[in-house]
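Thanks for making time this morning. I would like to walk through a few helix contacts and a few individual residues, so please keep the picture in view while I talk.

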Amino acid sequence: MRSSYNLTKNVDWITIGLYGLMVLLGWMNIYAAVYNPENVTNIFDFSLNSGKQLAWIGTSVVIIVMLFAIDYKAYDSLAYVIYWFFILLLLGTLAFASEIKGSRSWLVITDSVRLQPAEFAKFATALAVSKFMSGINLRQQNWRDQAKLAGLALLPPIIIILQNETGSALVFAAFTLAFFREGMSPLILIIGAVAVFIFVLTLLIPQWWLVGILTVLMGAYLWLNFHRLRRDLRTYIGIWVAVIVMVFSVHYFIENVLQPHQQNRIKVLVDPEIDPLGVGWNVTQSKIAIGSGGFFGKGFLEGTQTKFDFVPEQSTDFIFCTIGEEHGWIGSFLVVALFMGLLTRIIFIAERQRSVFGRTYGYCVASIIFFHFLVNIGMTIGLAPVVGIPLPFFSYGGSGLWSFTTLLFILLAIDAHRKLDLGRG
């Protein structure tokens, strides 16, 4: 049956088109980020990031062909094998990798080729949690199954944090969105959102003032809902105590748990002007670059902030600055629209799967890409801390491009065979 199945007819060409366009635009902007008008070089020059990225793009095409050539059922049946392989690789990297920029997360193949296993652990974890969730019902299963699911999702980021790669570890929080789609209680998402809100308020308002405000709000709520007071008094007291403990724990966590560079990122997020020539330099120059582009931008290869290297890491974490400066609001809007289109299409693909595994994996893909997109653009415009998260398909880097390509095209391979999935879990 598989040999007669028309893969070309059933593959989702819309998503492939979006992928190809985003990779092409990313490649062009990587060239713009490293372009030097005083020493003009060809975009294909392999001594530049643009030339190296072209090589990564070429190898990504090979990966795509391989992903479609593999029997699509293997992604389900070998999910745990793939997951534990990358867990072992993460542990090996932690134990044996050399320290680069304060992190032990890179495997050095050659002087110019380095791989980051943390990037590949994302799709491996997506496969594992999808495999596990295809055998349970989150609405009905007991806490043991839910604890196992949490363990699958939390083990990789724990190892990654030990590698001192906090940004990559944060991405795994995106899996909660996929869990929510499959029946996880929305209360967990609400608690998480409230915790983030209180964390931010604690940084902006003196602790005792915040305690007073929250106490008054709690008292007002109880007064307006007096009939619930006797029945739910212990619950409300527990919530109030938990909130107060969190308020007084935030500053301790920042000052005693986070490392100095992580503390600085939080401080800059709260007050961008705290040290504009020091820890705030990246974000300040990033916003200047994006703002200077205006509505239409300065033109391709005409970005002055880019030419004079005002923004560090501009071809990787801060690639969106190049887009904003040279292509303005129009170009920035186009990039956002492309991501929204891709995410919408991925969700559409996920919903039409005939297996729980395929649907869950689709939502994992959407969640991971959405988290990267949200945080990366947020940090370039000062709305999120600088945590070293690349912009999918746009930022320079082989590990990132390979991992996102693998993540997406496993889904497309599964989707291309969805009509053969009748009767499968």
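Helix α17 and helix α18 cross in a left-handed sense, and I should say at once that what we are looking at is a predicted model. The two helices cover residues 356–380 and 398–416 respectively, and their axes come within 10 Å and cross at roughly 150°. Since angles over 145 degrees count as roughly antiparallel, α17 is therefore roughly antiparallel to α18. On the α17 side the contact is made by Phe357, Gly358, Tyr361, Gly362, Val365, Ile368, Ile369 and His372, and these meet Phe404, Thr406, Leu407, Leu408, Ile410, Leu411 and Ile414 of α18. Sorted by class, that contact has 11 nonpolar residues and four polar ones, with no charged residue among them.

In the loop that lies between α17 and α18 we find Phe393, which has a positive phi of about 70° although it is not a glycine. As background, most residues other than glycine have a negative phi. Is Phe393 buried or exposed? With a relative accessible area of 3%, Phe393 is buried, the cut-off for that word being under 20%.

Let me now turn to the other partner of α17. Helix α6, residues 117–133, packs against α17 at an angle of about 145°, with the two axes 8 Å apart, and here the crossing is right-handed. From α6 the contact takes in Lys122, Phe123, Ala126, Leu127, Val129, Ser130, Lys131 and Met133, while α17 contributes Val356, Phe357, Thr360, Tyr361, Cys364, Ile368 and His372. The classes in this contact are 10 nonpolar, three polar and two charged residues.

As for α6 itself, its 17 residues reach 24 Å from the first C-alpha to the last, close to the 24 Å expected at 1.5 Å a residue. How many of the 17 residues of α6 are buried? The count is 16, so α6 is largely enclosed by the rest of the structure.

The remaining items take us to helix α14, residues 281–292, where Gln285 lies. The side chain class might make one curious about its setting, and Gln285 is in fact buried, at 8% relative accessible area. If we leave aside residues up to four places away in sequence, Gln285 touches Gln305, Phe310 and Val311. Gln285 can also be set beside Cys321, for although 36 residues separate the two in sequence, their C-alpha atoms are 9.0 Å apart in space.

Finally, the loop between α14 and α15, the latter being residues 304–307, holds Leu301. Leu301 has a positive phi of about 70° and, again, is not a glycine. With a relative accessibility of 16%, Leu301 counts as buried, since the word applies under 20%. I am happy to go back to any of these residues on the screen.

Technical notes
Residues are numbered from 1 along each chain as its sequence is written. This is a predicted model: local features need pLDDT of at least 70, side-chain atom pairs count only at pLDDT 80 or more; totals for chains, interfaces and linings use all residues. Side-chain values use heavy atoms; hydrogens and water are left out. Axes are lines fitted to C-alpha atoms, for helices over the stretch in contact, and angles run from 0 to 180 degrees between N-to-C directions. Helices (H or I, at least four residues) and strands (E, at least two) are DSSP runs, numbered from the N terminus. A crossing is left-handed if the near helix is turned anticlockwise from the far one by less than a right angle, and right-handed if clockwise. Contact means heavy atoms within 4.5 Å. Ala, Val, Leu, Ile, Met, Phe, Trp, Tyr, Cys and Pro count as nonpolar, Asp, Glu, Lys and Arg as charged, and the others, Gly among them, as polar. The expected span of a helix is 1.5 Å times one less than its number of residues. Buried means under 20% relative accessible area, exposed over 50%, partly exposed in between (1.4 Å probe, protein chains only). Angles under 35 degrees count as roughly parallel, over 145 as roughly antiparallel, 65 to 115 as roughly perpendicular and the rest as oblique.
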